[in-house]
Amino acid sequence: MQTEEQLKQLVKEKYSEIALQSTDNNKASCCGAGGCSTEVYNIMTDDYSQLEGYNPDADLGLGCGLPIQFAKIKRGDVVVDLGSGAGNDCFIARKETGETGKVIGIDFTDAMIEKARTNAEKLGFHNVEFRYGDIEKIPITANIADVIVSNCV
Ligand SMILES: C[S@@+](CC[C@H](N)C(=O)[O-])C[C@H]1O[C@@H](n2cnc3c(N)ncnc32)[C@H](O)[C@@H]1O
């Protein structure tokens, strides 16, 4: 029987591998890298590419649906994305918050945080921040989020 920490370590290792792969490797599965049955997860994998704010570099094919579309995000909101991966939902959320808001992505896989930060830098976004941390102990102060989203975590 593995401890909670061992299981989390395994999850981090798998997502580190995925972060370093090309998007095409993961397109067919919400869990990426062929870790799940494509038959089941193909049904849940939606196409983000038509959405405003979509950034192909941030889409590793890991999402299950489009939570941002239903989150009623307003201009100026602070949005927190739990398990943000390469930042796919964060960049779409940033389109909704605009420059006056802020988006904070949280993930416990270093390689994902690195990839997400690179994506934000390329876009020149200063109000999209990626923080390393476990979502069971969220690294933000209380009462700052207007909207909290999480996609397939
Ligand atoms: C299936 S991916 C989804 C990524 C992103 N939400 C998307 O739709 O592209 C799951 C992500 O959650 C992260 N994750 C899983 N458990 C976590 C935890 N306890 N704390 C922080 N991040 C976690 C993984 O590192 C991975 O990047």
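The dialogue below reads several features of a predicted model.

Q: What should be known about the numbering and the model before reading it?
A: Residues are numbered from 1 along each chain as its sequence is written. The model is predicted, and local features need pLDDT of at least 70, side-chain atom pairs count only at pLDDT 80 or more, and totals for chains, interfaces and linings use all residues.

Q: How many residues of strand E2 are buried?
A: A residue is buried if 20 or more other C-beta atoms lie within 10 Å of its own, exposed if 12 or fewer, and partly exposed in between, with C-beta atoms placed from the backbone. Helices (H or I, at least four residues) and strands (E, at least two) are DSSP runs numbered from the N terminus. In E2 (residues 102–107), six of the six residues are buried; Lys102, Ile104 and Ile106 lie on one side, and Val103, Gly105 and Asp107 on the other.

Q: Which strands pair with E2, and in what sense?
A: Two strands pair if DSSP finds at least two bridges between them. E1 (residues 78–82) pairs with E2 in the parallel sense over five bridges, with Asp81 opposite Gly105. On the way from E1 to E2 the chain passes through helix H3 (residues 88–97), in a right-handed β-α-β crossover; right-handed here means that, with the strands pointing away from the viewer, the path from the first strand over the helix to the second runs clockwise. E3 (residues 128–132) also runs parallel to E2, joined to it by five bridges, and Asp107 stands opposite Tyr132. E2, helix H4 (residues 110–123) and E3 likewise form a right-handed β-α-β unit.

Q: Where do the buried residues of H4 lie around its axis, and how does its length compare with the expected span?
A: The expected span of a helix is 1.5 Å times one less than its number of residues. For the 14 residues of H4 this should give 20 Å, and the end C-alpha atoms are 20 Å apart, which agrees. Met112, Ile113, Lys115, Ala116, Asn119 and Ala120 are buried in H4. These residues are on the same side of H4 because they cover an arc of only 165 degrees around the axis, the arc being that of the directions from the helix axis to the C-beta atoms. The face turned away from this buried side carries the exposed residues Glu121 and Lys122.

Q: Which residue in the loop between E3 and strand E4 has a positive phi?
A: Asn143, which lies in the loop between E3 and E4 (147–149), has phi near 65 degrees, a positive value in a residue other than glycine. Asn143 is exposed, with 6 other C-beta atoms within 10 Å.
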